[in-house]
Amino acid sequence: MPTQIPAPPTAAPTARRANRARRSLNAQSIVDLLRASGPQSQAAIARRTELSPAAVNKIVQALKDEGTVQIQWINGREALVELVPKHGTIVSVNVGPQAINGAIFAFGANRRIDLEITDPARIGGPDPVVTLVRELAAQAGVAVGDLAGVSVAIQAPIDRASGGIIAPWAAMRLPRWKDVPIATMLGEALGVQVAVDNDANLGALAEWTWGAGRRSDCFLYVACSVGIGGGLVVDGKLHRGGNGMAFEIGHVVLDANGPVCFCGSRGCLSTVASERSILLALQGSESPKNSLAEVIAAAQAGDPICARVLYEAGRQLGRALANMTKILAPSVIAVGGTLALAGDLVFGGIQTAIEENNVPAFSSSVQLRPAQLGRDATLLGGLSSVMGDLGQGLSDLPPWMLDAHRLDLPSVAVAL
Ligand SMILES: [Zn+2]
């Protein structure tokens, strides 16, 4: 039986944006610069914010006193200003149709704890998310009300106006979330600030903050697994579009006469490069498989049928990325998800399509890279999002913040 959500606590959710509100605009612009560009010398900060060196020095000292930044000496000569995490505790949760997983990051103790719910009888709707957050807090020895923030990633697009899952996705993939104003409901149930976003958006934010897209000014991320999702980070901010549906690259149409997609269109990228479409392509061949991981393992062991299907999926993905590149002119494109684990088998197809579509003529400096954070990207993106809301940041990820089991990364030599 699912755990029931208890009555909302009497105390209203605590406003957690105090740091951002209290700081001057100039101080916040320095924090934002450090979040976007990593550690900087005071001279560089003055140049890039157009503040006077004296003003920068005064603000950096104040930020140091409040514990937001620290000074790091490089080779005993150059002093760099970098962000440090507050001694807060943040929970990040990822909700999908088959599993809910989450992690609690306790900065005071330099400790991360992960939990997962995969029992089908316990999954569905907000109740298990509330249970998971409470259990994570209990294991970390923190009261839920003392959490600095909670991020919830949903494997579906989120409508900005309603705060719920866009209707067709809820109906097809997560029916027990239909018409649920997610952040409000979870915030009231837990008594803390809850931020909700699409899982691929948060994956993009993590890869931009700490991974393949680090410090790029226009970063495009696509993750191909059971479904295909992506995110776009421009000038350090996720671009969500008017209703939150921006960059649904999985539903870019590649073949108007192709298979029908669950979104109601035909020939979407999701119908030719998702796990399901790859398995369908192998049905009736002499090498049918039950999962994308099996396909990749067989291809890497020399199965030419599986290798061909993966190459073709990469080529279709490359066509979609080529079209996106001509519109958005990204500086970096990162490809993640299970499909990327096929490494060169898939990236070869992507590169072929990029050359066929003559992308370098439109965007000569674009770099194609494998994503770096593996299956940990979404949870880390939630963490980055909450830290951003709190006006905090972290220039580098210390080892304790990573889940080593989720860092399964492709072996690939990308040349573009
Ligand atoms: Zn579609």
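Which residue in β2 is the bridge partner of V69? It is L83, and I will start from that pair and walk through the rest of the model.

A word on provenance, since what we have is a predicted model, in which local features need pLDDT of at least 70 and side-chain atom pairs count only at pLDDT 80 or more, while totals for chains, interfaces and linings use all residues. Residues are numbered from 1 along each chain as its sequence is written, and side-chain values use heavy atoms, with hydrogens and water left out.

Back to the hairpin, then. Strand β1 (residues 69–74) and strand β2 (residues 78–83) run antiparallel and are joined by 6 bridges; strands here are DSSP runs of E with at least two residues, helices are runs of H or I with at least four residues, both numbered from the N terminus, and two strands pair if DSSP finds at least two bridges between them. There are 3 residues between the strands of this hairpin, and N75 takes a positive phi near 55°.

Just before it in the chain numbering, I would like to look at the helices α3 and α4. Helix α3 (residues 42–49) packs against helix α4 (residues 53–65) at an angle of about 115°, with the axes 9 Å apart; axes are lines fitted to C-alpha atoms, for helices over the stretch in contact, and angles run from 0 to 180 degrees between N-to-C directions. The crossing of α3 past α4 is right-handed, meaning that the near helix is turned clockwise from the far one by less than a right angle, whereas anticlockwise would be left-handed. From α3, the residues Q42, I45, A46 and T49 meet P53, V56, N57 and V60 of α4, where contact means heavy atoms within 4.5 Å. By class, that contact divides into 5 nonpolar, 3 polar and no charged residues, counting Ala, Val, Leu, Ile, Met, Phe, Trp, Tyr, Cys and Pro as nonpolar, Asp, Glu, Lys and Arg as charged, and the others, Gly among them, as polar.

Next come the sheets. One is an open sheet of 5 strands with mixed pairing, in the order β5-β4-β3-β6-β7. Its edges are β5 (111–117) and β7 (194–198), and each has a single partner strand, so one side of each is left without a neighbour in the sheet. From one strand to the next, the twist averages 15°. Strand β4 (residues 100–106) runs antiparallel to β5, joined to it by 7 bridges, and I100 stands opposite I117 in β5. Helix α7 (residues 182–190) packs on this sheet, touching β6 (149–154) and β7, and its direction makes about 145° with that of β7. Helix α15 (residues 377–389) lies across β3 (89–95), β4, β5, β6 and β7, running at about 135° to β3.

Another open sheet of 5 strands, again with mixed pairing, has the order β10-β9-β8-β11-β12. Here β10 (237–238) and β12 (367–370) are the edge strands, each with a single partner, so one side of each has no neighbour in the sheet. Strands β8 (residues 218–224) and β9 (residues 228–234) pair in the antiparallel sense over 7 bridges, with C224 opposite I228 in β9. Helix α12 packs on the sheet and touches β8, β9 and β11 (332–336), its direction making about 160° with that of β8. Helix α8 (residues 199–210) lies across β8, β9 and β10, at about 50° to β9.

Finally, the metal. The zinc ion is coordinated by H251 (ND1), C261 (SG), C263 (SG) and C268 (SG), at 2.0 to 2.3 Å; donors are N, O and S atoms within 2.8 Å of the metal (3.2 Å for Na, K and Ca), and water is not among the atoms, so sites may look incomplete. Along the chain, these donors follow the spacing H-x9-C-x1-C-x4-C.
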